[in-house]
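Open the model in your viewer and keep the selection panel at hand. Each stop below gives something to select and says what is there.

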Amino acid sequence: MLKNKTAIVTGGTRGIGLAIVRKYLENGANVVITGSRQETVEQALEKLQEYQGRTMGIWPDLCNPQEVAEAFSSVRERFGSLDILANNAGISSRTSIYEYTLEEFSKILDINLKAVFVCSQAAARIMKEQGRGVIINTSSMVGEYGQAAGCGYPATKFAVNGLTKSLARELAGDGIRVNAVAPGVTKTDMVAALPKEMVDRISAGIPLGRVGEPEDVANAFLYLASDSADYVTGVVLRVDGAAMV
Ligand code: NAD
(Lines give C-alpha, C1' and ligand atoms only; values in the text may rest on other atoms or scores of the structure.)
Protein backbone atom coordinates (compact mmCIF):
# COMPACT_ATOMS: atom_id res chain seq x y z
CA MET A 1 0.00 0.00 0.00
CA LEU A 2 2.96 2.36 0.49
CA LYS A 3 5.41 1.23 -2.18
CA ASN A 4 7.97 3.93 -3.15
CA LYS A 5 6.82 6.22 -0.32
CA THR A 6 9.01 7.54 2.47
CA ALA A 7 7.73 7.95 6.01
CA ILE A 8 9.13 9.49 9.17
CA VAL A 9 7.79 8.01 12.42
CA THR A 10 8.65 10.05 15.51
CA GLY A 11 9.14 7.94 18.61
CA GLY A 12 9.46 4.89 16.38
CA THR A 13 11.75 3.01 18.75
CA ARG A 14 9.10 1.08 20.71
CA GLY A 15 5.41 0.67 21.51
CA ILE A 16 2.87 2.04 19.04
CA GLY A 17 5.59 3.84 17.07
CA LEU A 18 7.54 0.63 16.40
CA ALA A 19 4.30 -1.09 15.31
CA ILE A 20 3.71 1.75 12.80
CA VAL A 21 7.31 1.42 11.57
CA ARG A 22 6.87 -2.34 10.99
CA LYS A 23 3.48 -1.87 9.31
CA TYR A 24 4.88 0.76 6.93
CA LEU A 25 7.93 -1.39 6.13
CA GLU A 26 5.74 -4.46 5.48
CA ASN A 27 3.78 -2.30 3.04
CA GLY A 28 6.82 -1.26 1.02
CA ALA A 29 7.71 2.19 2.40
CA ASN A 30 11.13 3.54 3.28
CA VAL A 31 10.91 4.33 7.00
CA VAL A 32 12.86 6.79 9.10
CA ILE A 33 12.78 6.40 12.88
CA THR A 34 13.28 9.22 15.34
CA GLY A 35 13.86 8.71 19.04
CA SER A 36 15.07 10.74 21.97
CA ARG A 37 18.56 9.14 21.88
CA GLN A 38 20.86 7.83 19.14
CA GLU A 39 21.35 4.62 21.14
CA THR A 40 17.65 3.68 21.27
CA VAL A 41 17.20 4.52 17.57
CA GLU A 42 20.13 2.27 16.66
CA GLN A 43 18.79 -0.54 18.86
CA ALA A 44 15.41 -0.29 17.10
CA LEU A 45 17.09 -0.36 13.67
CA GLU A 46 18.94 -3.54 14.67
CA LYS A 47 15.58 -5.27 15.16
CA LEU A 48 14.66 -4.30 11.58
CA GLN A 49 17.71 -5.67 9.78
CA GLU A 50 15.61 -7.63 7.28
CA TYR A 51 14.55 -4.25 5.85
CA GLN A 52 18.10 -2.89 5.51
CA GLY A 53 18.35 -0.26 2.77
CA ARG A 54 14.82 0.98 3.48
CA THR A 55 15.42 2.25 7.03
CA MET A 56 17.24 5.21 8.51
CA GLY A 57 17.59 6.73 11.98
CA ILE A 58 17.60 10.40 13.01
CA TRP A 59 17.53 11.91 16.49
CA PRO A 60 16.94 15.68 16.31
CA ASP A 61 15.53 17.55 19.29
CA LEU A 62 11.91 17.54 18.10
CA CYS A 63 11.30 21.00 19.61
CA ASN A 64 14.23 22.56 17.74
CA PRO A 65 13.03 23.81 14.31
CA GLN A 66 16.51 24.01 12.80
CA GLU A 67 17.59 20.53 13.91
CA VAL A 68 14.31 19.04 12.69
CA ALA A 69 14.47 20.86 9.33
CA GLU A 70 18.03 19.64 8.73
CA ALA A 71 17.17 16.07 9.71
CA PHE A 72 14.05 16.01 7.48
CA SER A 73 16.07 17.43 4.55
CA SER A 74 18.59 14.64 5.00
CA VAL A 75 15.69 12.17 4.66
CA ARG A 76 14.65 13.68 1.35
CA GLU A 77 18.26 13.61 0.15
CA ARG A 78 18.58 9.92 1.06
CA PHE A 79 15.23 8.64 -0.29
CA GLY A 80 14.18 11.35 -2.77
CA SER A 81 10.93 12.39 -1.09
CA LEU A 82 9.09 12.75 2.21
CA ASP A 83 5.55 11.47 1.78
CA ILE A 84 4.32 10.61 5.27
CA LEU A 85 4.95 12.07 8.73
CA ALA A 86 3.60 10.09 11.70
CA ASN A 87 3.81 12.32 14.76
CA ASN A 88 3.76 9.59 17.38
CA ALA A 89 6.34 10.52 20.06
CA GLY A 90 4.70 11.35 23.35
CA ILE A 91 4.79 11.05 27.11
CA SER A 92 1.92 10.67 29.57
CA SER A 93 1.18 11.92 33.06
CA ARG A 94 -0.95 10.93 36.05
CA THR A 95 0.18 13.82 38.30
CA SER A 96 -2.49 15.49 40.44
CA ILE A 97 -3.20 19.19 39.85
CA TYR A 98 -2.07 19.79 43.45
CA GLU A 99 1.36 18.33 42.73
CA TYR A 100 1.83 19.50 39.12
CA THR A 101 4.84 21.79 38.67
CA LEU A 102 5.03 24.28 35.83
CA GLU A 103 8.20 22.48 34.72
CA GLU A 104 6.36 19.16 34.34
CA PHE A 105 3.47 20.89 32.55
CA SER A 106 5.91 22.57 30.12
CA LYS A 107 7.68 19.27 29.46
CA ILE A 108 4.52 17.50 28.35
CA LEU A 109 3.49 20.49 26.21
CA ASP A 110 6.93 20.36 24.56
CA ILE A 111 6.95 16.75 23.41
CA ASN A 112 3.20 16.14 22.92
CA LEU A 113 2.31 19.45 21.26
CA LYS A 114 5.24 21.73 20.38
CA ALA A 115 7.10 18.85 18.69
CA VAL A 116 4.00 18.05 16.61
CA PHE A 117 3.93 21.68 15.44
CA VAL A 118 7.68 21.81 14.70
CA CYS A 119 7.73 18.48 12.81
CA SER A 120 4.53 19.28 10.89
CA GLN A 121 5.97 22.64 9.80
CA ALA A 122 9.24 21.11 8.59
CA ALA A 123 7.42 18.29 6.77
CA ALA A 124 4.81 20.61 5.24
CA ARG A 125 7.53 22.81 3.73
CA ILE A 126 8.96 19.78 1.93
CA MET A 127 5.54 18.31 1.04
CA LYS A 128 4.34 21.63 -0.40
CA GLU A 129 7.26 21.61 -2.87
CA GLN A 130 6.33 18.03 -3.84
CA GLY A 131 2.64 18.94 -4.15
CA ARG A 132 1.63 16.00 -1.96
CA GLY A 133 2.03 14.54 1.52
CA VAL A 134 0.29 13.09 4.54
CA ILE A 135 0.64 14.05 8.19
CA ILE A 136 -0.86 11.79 10.88
CA ASN A 137 -0.87 12.86 14.51
CA THR A 138 -1.35 10.74 17.61
CA SER A 139 -4.18 11.86 19.80
CA SER A 140 -5.87 9.75 22.50
CA MET A 141 -9.33 8.79 23.68
CA VAL A 142 -8.71 11.19 26.59
CA GLY A 143 -8.44 13.96 23.97
CA GLU A 144 -12.22 13.65 23.79
CA TYR A 145 -13.19 12.90 27.38
CA GLY A 146 -10.36 14.29 29.54
CA GLN A 147 -9.00 12.20 32.41
CA ALA A 148 -9.18 12.47 36.19
CA ALA A 149 -5.43 13.02 36.77
CA GLY A 150 -2.44 14.28 34.83
CA CYS A 151 -4.42 17.11 33.23
CA GLY A 152 -1.47 18.17 31.06
CA TYR A 153 -1.78 14.97 29.03
CA PRO A 154 -5.39 15.33 27.82
CA ALA A 155 -4.81 19.07 27.39
CA THR A 156 -2.09 18.29 24.82
CA LYS A 157 -4.27 15.74 23.05
CA PHE A 158 -7.23 18.18 22.78
CA ALA A 159 -4.71 20.61 21.29
CA VAL A 160 -3.40 17.98 18.86
CA ASN A 161 -6.98 17.50 17.62
CA GLY A 162 -7.25 21.27 17.08
CA LEU A 163 -3.94 21.39 15.25
CA THR A 164 -5.01 18.43 13.08
CA LYS A 165 -8.34 19.94 12.05
CA SER A 166 -6.82 23.38 11.43
CA LEU A 167 -3.82 22.17 9.42
CA ALA A 168 -6.12 19.91 7.37
CA ARG A 169 -7.91 23.04 6.22
CA GLU A 170 -4.79 25.16 5.81
CA LEU A 171 -2.77 22.58 3.87
CA ALA A 172 -5.48 20.95 1.72
CA GLY A 173 -4.74 23.33 -1.16
CA ASP A 174 -1.09 22.24 -1.12
CA GLY A 175 -2.05 18.57 -1.55
CA ILE A 176 -1.30 17.69 2.07
CA ARG A 177 -3.77 15.64 4.13
CA VAL A 178 -3.70 15.90 7.93
CA ASN A 179 -5.46 13.43 10.22
CA ALA A 180 -5.11 12.01 13.71
CA VAL A 181 -5.52 8.59 15.29
CA ALA A 182 -6.93 8.49 18.83
CA PRO A 183 -5.98 5.19 20.50
CA GLY A 184 -7.73 3.86 23.57
CA VAL A 185 -5.84 1.79 26.15
CA THR A 186 -3.15 0.06 24.08
CA LYS A 187 -0.87 -2.78 25.16
CA THR A 188 2.53 -1.08 25.10
CA ASP A 189 5.19 -1.66 27.81
CA MET A 190 3.28 0.50 30.27
CA VAL A 191 0.01 -1.44 29.99
CA ALA A 192 1.81 -4.80 29.77
CA ALA A 193 3.39 -4.04 33.16
CA LEU A 194 -0.01 -3.68 34.87
CA PRO A 195 -1.32 -6.61 36.96
CA LYS A 196 -3.47 -9.02 34.93
CA GLU A 197 -6.53 -8.35 37.15
CA MET A 198 -6.30 -4.65 36.38
CA VAL A 199 -6.06 -5.25 32.62
CA ASP A 200 -9.05 -7.67 32.89
CA ARG A 201 -11.04 -4.98 34.70
CA ILE A 202 -10.20 -2.36 32.06
CA SER A 203 -11.04 -4.83 29.26
CA ALA A 204 -14.44 -5.62 30.83
CA GLY A 205 -15.38 -1.94 30.53
CA ILE A 206 -14.58 -1.82 26.80
CA PRO A 207 -17.48 -2.77 24.48
CA LEU A 208 -15.16 -4.79 22.19
CA GLY A 209 -13.97 -6.65 25.31
CA ARG A 210 -10.20 -6.16 25.15
CA VAL A 211 -7.50 -3.51 25.26
CA GLY A 212 -5.96 -2.51 21.93
CA GLU A 213 -2.81 -4.00 20.43
CA PRO A 214 -0.19 -1.64 18.95
CA GLU A 215 -1.00 -3.28 15.60
CA ASP A 216 -4.66 -2.14 15.85
CA VAL A 217 -3.38 1.44 15.98
CA ALA A 218 -0.75 0.83 13.28
CA ASN A 219 -3.49 -0.41 10.91
CA ALA A 220 -5.25 2.96 11.24
CA PHE A 221 -1.95 4.74 10.52
CA LEU A 222 -1.55 2.56 7.43
CA TYR A 223 -5.02 3.34 6.10
CA LEU A 224 -4.68 7.09 6.64
CA ALA A 225 -1.21 7.13 5.02
CA SER A 226 -2.37 5.18 1.98
CA ASP A 227 -4.02 6.35 -1.23
CA SER A 228 -7.19 4.57 0.00
CA ALA A 229 -7.67 7.60 2.25
CA ASP A 230 -7.15 10.11 -0.58
CA TYR A 231 -10.39 11.96 0.23
CA VAL A 232 -9.97 11.83 4.03
CA THR A 233 -8.57 14.83 5.86
CA GLY A 234 -9.25 16.57 9.17
CA VAL A 235 -10.53 13.48 10.97
CA VAL A 236 -9.64 12.14 14.40
CA LEU A 237 -10.05 8.38 13.99
CA ARG A 238 -10.82 6.59 17.27
CA VAL A 239 -9.22 3.16 17.67
CA ASP A 240 -10.47 2.26 21.13
CA GLY A 241 -13.07 -0.51 20.94
CA ALA A 242 -15.71 2.16 21.70
CA ALA A 243 -14.23 2.65 25.18
CA MET A 244 -15.23 5.58 27.35
CA VAL A 245 -13.05 6.80 30.21
P1 NAD B 1 5.97 4.56 24.58
O2 NAD B 1 6.41 5.21 25.84
O3 NAD B 1 6.04 3.07 24.46
O4 NAD B 1 6.78 5.19 23.35
C5 NAD B 1 6.93 6.58 23.25
C6 NAD B 1 7.90 6.92 22.13
O7 NAD B 1 8.09 8.35 22.15
C8 NAD B 1 9.27 6.29 22.32
O9 NAD B 1 9.78 5.89 21.07
C10 NAD B 1 10.12 7.42 22.86
O11 NAD B 1 11.49 7.34 22.49
C12 NAD B 1 9.47 8.64 22.19
N13 NAD B 1 9.75 9.86 22.94
C14 NAD B 1 9.36 10.16 24.21
N15 NAD B 1 9.88 11.36 24.57
C16 NAD B 1 10.59 11.81 23.49
C17 NAD B 1 11.36 12.97 23.23
N18 NAD B 1 11.52 13.93 24.14
N19 NAD B 1 11.94 13.10 22.01
C20 NAD B 1 11.80 12.14 21.08
N21 NAD B 1 11.10 11.01 21.27
C22 NAD B 1 10.50 10.86 22.46
O23 NAD B 1 4.50 5.10 24.32
P24 NAD B 1 3.27 4.54 23.45
O25 NAD B 1 2.27 3.99 24.39
O26 NAD B 1 3.74 3.72 22.31
O27 NAD B 1 2.67 5.93 22.93
C28 NAD B 1 2.88 6.43 21.63
C29 NAD B 1 1.86 7.53 21.38
O30 NAD B 1 0.55 7.00 21.53
C31 NAD B 1 1.97 8.71 22.35
O32 NAD B 1 1.74 9.91 21.65
C33 NAD B 1 0.84 8.44 23.33
O34 NAD B 1 0.35 9.62 23.93
C35 NAD B 1 -0.20 7.81 22.42
N36 NAD B 1 -1.20 6.98 23.11
C37 NAD B 1 -0.85 5.84 23.76
C38 NAD B 1 -1.85 5.09 24.38
C39 NAD B 1 -1.52 3.80 25.10
O40 NAD B 1 -2.41 3.25 25.79
N41 NAD B 1 -0.33 3.27 24.98
C42 NAD B 1 -3.18 5.51 24.35
C43 NAD B 1 -3.49 6.69 23.68
C44 NAD B 1 -2.49 7.41 23.05
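Start with enclosed space. This predicted model holds one cavity of 30 Å³ or more. The largest cavity contains about 30 Å³ of space.

Select its lining: T10, L62, N87, N88, A89, I111, A115, V116 and C119. Now colour helix α4, residues 102-130. Four residues of the lining come from α4, the largest share. Then colour the lining of this cavity by class. Six residues are nonpolar and three are polar. None is charged.

Keep N88 selected; it returns at a later stop, beside the ligand.

Next, go to the largest pocket. How much space lies in it? About 1600 Å³. Its lining counts 50 residues. To find the centre, select G90, I91, S92, Y153 and M190, the lining residues nearest to it.

Now show the helices around the largest pocket. Five of them, α1, α4, α6, α7 (189-192) and α8 (196-204), each give at least two residues to the lining. Helix α4 thus appears at both stops: it supplies lining residues to the largest cavity and to the largest pocket. Colour the pocket lining by class as well. You should find 21 nonpolar, 20 polar and nine charged residues.

Turn on the ligand. It sits in the largest pocket. Select its shell, which has 23 residues. The closest are T13, I16, N88, Y153 and T186. Two of these names are familiar: N88 also lines the largest cavity, and Y153 is among the residues nearest the centre of the largest pocket.

Which helices each supply at least two residues of this shell? They are α1 (15-26) and α6 (152-171). By class, the shell has 13 polar, eight nonpolar and two charged residues.

Now zoom in on the oxygen atoms of the ligand. Three distances are worth displaying.

- T13: a polar atom of the side chain lies 2.7 Å from a ligand oxygen.
- N88: here a backbone N or O atom is 2.8 Å from an oxygen of the ligand.
- K157: an N or O atom of the side chain is 3.1 Å from a ligand oxygen.

Finish with the surface of the ligand. Taken alone, the ligand exposes 820 Å². The protein buries 84% of that area.

Key: Residues are numbered from 1 along each chain as its sequence is written. This is a predicted model: local features need pLDDT of at least 70, side-chain atom pairs count only at pLDDT 80 or more; totals for chains, interfaces and linings use all residues. Side-chain values use heavy atoms; hydrogens and water are left out. A residue is near a molecule or strand if one of its heavy atoms lies within 4 Å of it. A polar contact is a pair of N or O atoms within 3.5 Å; within protein, one must be able to donate a hydrogen and the other to accept it, and residues adjacent in sequence count only if both atoms are side-chain atoms. Accessible areas come from the Shrake-Rupley method with a 1.4 Å probe; for residues, only the protein chains shown count as cover. On a 1 Å grid over the protein atoms alone, a cavity is a set of points where a 1.4 Å probe fits but cannot get out, and a pocket is an open set with protein on both sides within 12 Å along at least five of seven lines; lining residues have an atom within 4 Å of a point. A molecule sits in a cavity or pocket if more than half of its atoms lie within 2 Å of its grid points. Ala, Val, Leu, Ile, Met, Phe, Trp, Tyr, Cys and Pro count as nonpolar, Asp, Glu, Lys and Arg as charged, and the others, Gly among them, as polar. Grid points are joined across faces, edges and corners, and a volume is the space filled by probe spheres set on the points.
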